[in-house]
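Q: I should like to learn how to read the features of a structure such as the one shown below. May we take them one at a time?

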Protein chains: 2
Amino acid sequence: MSDTEAARCSAYWELQFTGDRRRARVPEGREKALDLRPQSVMAAAECRLLSGPEASAVLEAADTLLFDCDGVIWRGEAAIPGAAQLINRLQERGKRVLYMTNNSTKTRAMYTDKLRGLGFRAETQDVFATAFCSALYLQQKPAQRGKVYVLGAEAVSEELRSLGIACIGPGPDPLCGAMGDWAALPRDSDVGAVLVAFDPHFSYMKLVRAAAYLRDPGCRFLATNTDTRLPLEAGAAIPGTGCLVRAVEAAAQRTATVIGKPSAFMFRCAAERFGLDPARTIMVGDRLDTDILLGTNCGLRTILTLTGVSTLQEAESHRDSGEADRRRLVPDYYVHSVADLLPALD
Amino acid sequence: MSDTEAARCSAYWELQFTGDRRRARVPEGREKALDLRPQSVMAAAECRLLSGPEASAVLEAADTLLFDCDGVIWRGEAAIPGAAQLINRLQERGKRVLYMTNNSTKTRAMYTDKLRGLGFRAETQDVFATAFCSALYLQQKPAQRGKVYVLGAEAVSEELRSLGIACIGPGPDPLCGAMGDWAALPRDSDVGAVLVAFDPHFSYMKLVRAAAYLRDPGCRFLATNTDTRLPLEAGAAIPGTGCLVRAVEAAAQRTATVIGKPSAFMFRCAAERFGLDPARTIMVGDRLDTDILLGTNCGLRTILTLTGVSTLQEAESHRDSGEADRRRLVPDYYVHSVADLLPALD
């Protein structure tokens, strides 16, 4: 497959997965409550290299910067060189820096430890990860009655329990019994929601259980995020939560409400807590279909960094497509690395 | 969820999953080679109850009847009452009866044993199941070089090996190692195809391995079928192969070539072997998006039976939709049970 074909294929898949679902990803009624900058008055994003005086002006005009983590400020366990200096300098200049990640494998406390270990200044309240935001959603929209069946890591249950929400599910669930038994597996009658997160213990039995709970139309169906790739170090990646969401959606014949980017709920969690002004907030990310689309959805300025998943070629291909849906994936600016913004703060 | 909503939701999902993919499901170049009855000269399917003199005339005009199995002639381990009598009578009247199932959990030999055990007359050559047809496809289109990584039951490897195709994969593959290791799991360098079938041992590790093999654009990507539900006895069902296909497609960012119904390849396997005339062949099935669509795709007469997955309401909703894509899911006729056709043979 040539690079061009690969980019086209990737663009196709992004649209397949984000296209018709975009509205479904914004939890119901949220857009109205959120004071978003009207799309019509925004200039069309051009995906321009951000550097020189323009970089200084763009950063100067912002109160808050939202940073995605994987592929933006670190890759796996290694910080992107210069990222910590940038973020610490932004904070010294009085900017608010928040961390906004779709990764559901860690609690806010675990992220804070990781950030500090890699040299970033961070408080727990600065971290918006999907495990925590899913717990917030379940607590608020409306308060979850009964337990949550979690396909995900222990971090998810930990965040849920910290907000008083009971859950079951994490850990292995290997095949048991014969095919005839699987339609009648024992169920916990107190389960009122299914939450799909990144689950390395994902198994056919878990798929059967999730589908069984979701047969009840009163059972809520959430997904932390729909990223199909989870980036690791050195450009490697493994299948992401989105692959599992696809399987459960197909089994349940229902569409999950997605908590993570590009759903506006992630931004709203931060915006409500800190009184953010979308017009003075920048989203910095490495994925067009999550980070940049979140920015477009919420009326933020957007900067794509090329140290992660999406390529400049993909962004330009969306920009030049002439298709409205694809245009929403185009960032205002791009940088090769967030460290390239350091001179703009001198 | 009301019945109407459920039907609408189900129709939506059928289209979501069959819509854009319909062409991809017909293995390349097959339509031309197959002498299909031109769609333009076919009368629009009306989904009429088939009974009385019309039933006699329809059966009289057919040389061959293709029967789906689950939900049509049996449910789980129990035969549909009267189905064996019908099929045996059809054979006595000189009709050819073939069994065409998307279920990949059994070899042809296992199906023949099951059919005979439930009172049906059957020879191994009369059975077209997706495990066998996938092996045929891999043998012919073109001959598979290297091994096949199978997500599926032992029956699939058995059919592959019986046609001289080496494979690996069936059985449990539980989580091992830490996240950092998963992108570099040991791979068999001789694998040249991935085949997704019904795999109750499906796990995250299998998803990782499948995605890793499929990163090579030269690695073929097949799925036995895309049914999202596998019906069991008494109306129960468990998640079907289609759910697993969705997960692997999302992980690989590629679309699988589907062997089973509604792909014309299933019909072609039978048509080539027995010299079938599409205009004198009837497809009898319980699913609109597999059985009936196969019939439409191949220019066959179609009969929906209501003992399985799809409902009359769904068929009528497609018929009355005025949408060309949905019209292709409408059968010519329906019966409440295949046993209702018995009087037509008196």
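Q: Where in chain B is the place of Pro262(B)?
A: This is a predicted model. Pro262(B) is found in the loop between strand E13 (257-258) and H12 of chain B.

Q: What form does the peptide bond from Lys261(B) to Pro262(B) take, cis or trans?
A: The bond is cis, and its omega is near 10°. In chain A, the peptide bond from Lys261(A) to Pro262(A) is likewise cis, with omega near 10°. Pro262(A) lies in the loop between E13 and H12 of chain A.

Q: Which side chain does Lys261(A) meet in a salt bridge?
A: Lys261(A) pairs with Asp68(A), with a distance of 2.9 Å from N to O. This salt bridge links distant parts of the chain, since its two residues are 193 residues apart. Asp68(A) sits in the loop between strand E2 (64-67) and strand E3 (74-75) of chain A, and Lys261(A) in the loop between strand E13 (257-258) and helix H12 (264-274) of chain A.

Q: How many salt bridges are there over all chains, and how many between chain B and chain A?
A: The count over all chains is 36 salt bridges. Between chain B and chain A the count is zero.

Q: How is the contact between chain B and chain A to be described in terms of area, and what is the area that they bury?
A: The size of an interface is often expressed as the accessible area that is lost when the parts come together. Here chain B and chain A bury about 3,500 Å² between them, with 71% of it on carbon and sulfur atoms. In residues, 40 of chain B are in contact with 41 of chain A. Six residue pairs are in polar contact across the interface.

Q: Which element of chain B gives the most to the side that touches chain A?
A: H11(B) gives the most, with seven residues. Elements that each supply at least two residues to this side of chain B include helix H1 (3-18), helix H10 (204-214) and helix H11 (241-252). By class, this side has 26 nonpolar, eight polar and six charged residues.

Q: What turn and shift lay chain B on chain A?
A: A turn of 180° with a shift of 0.0 Å along the axis lays chain B on chain A, at an RMSD of 0.0 Å. That is the relation of a two-fold axis. The same surface serves both copies, as 100% of the contact residues of chain B recur in chain A. Of the residues of chain B, Ser203(B) comes closest to the rotation axis, with its C-alpha at 2.2 Å.

Q: How is a pair of aromatic rings described, and why is the pair of Phe128(B) and Phe274(B) classed as it is?
A: Such a pair is described by the distance of the centres and the angle of the planes. The ring centres of Phe128(B) and Phe274(B) are 6.3 Å apart and the planes are at 80°, so the pair is edge-to-face. Phe128(B) belongs to strand E6 (residues 127-129) and Phe274(B) to helix H12 (residues 264-274) of chain B, 146 residues apart. The count over all chains is 13 aromatic pairs.

Q: What is phi of Cys47(B)?
A: Phi of Cys47(B) is near 55°, a positive value in a residue other than glycine. Cys47(B) lies in the loop between helix H3 (30-33) and strand E1 (48-49) of chain B.

Terms used:
Residues are numbered from 1 along each chain as its sequence is written. Chains are lettered from A and ligands numbered from 1 in the order in which they are written. This is a predicted model: local features need pLDDT of at least 70, side-chain atom pairs count only at pLDDT 80 or more; totals for chains, interfaces and linings use all residues. Side-chain values use heavy atoms; hydrogens and water are left out. Copies are superposed by least squares on the C-alpha atoms of residues with pLDDT of at least 70 in both. Contact means heavy atoms within 4.5 Å. Buried area is the accessible area (1.4 Å probe) that two parts lose on being put together, summed over both. A salt bridge is a side-chain nitrogen of Lys or Arg within 4 Å of a carboxyl oxygen of Asp or Glu. A polar contact is a pair of N or O atoms within 3.5 Å; within protein, one must be able to donate a hydrogen and the other to accept it, and residues adjacent in sequence count only if both atoms are side-chain atoms. Helices (H or I, at least four residues) and strands (E, at least two) are DSSP runs, numbered from the N terminus. Ala, Val, Leu, Ile, Met, Phe, Trp, Tyr, Cys and Pro count as nonpolar, Asp, Glu, Lys and Arg as charged, and the others, Gly among them, as polar. Rings of Phe, Tyr and Trp (its six-membered ring) pair if their centres lie within 6.5 Å; planes under 30 degrees apart count as stacked, over 60 as edge-to-face and the rest as tilted.
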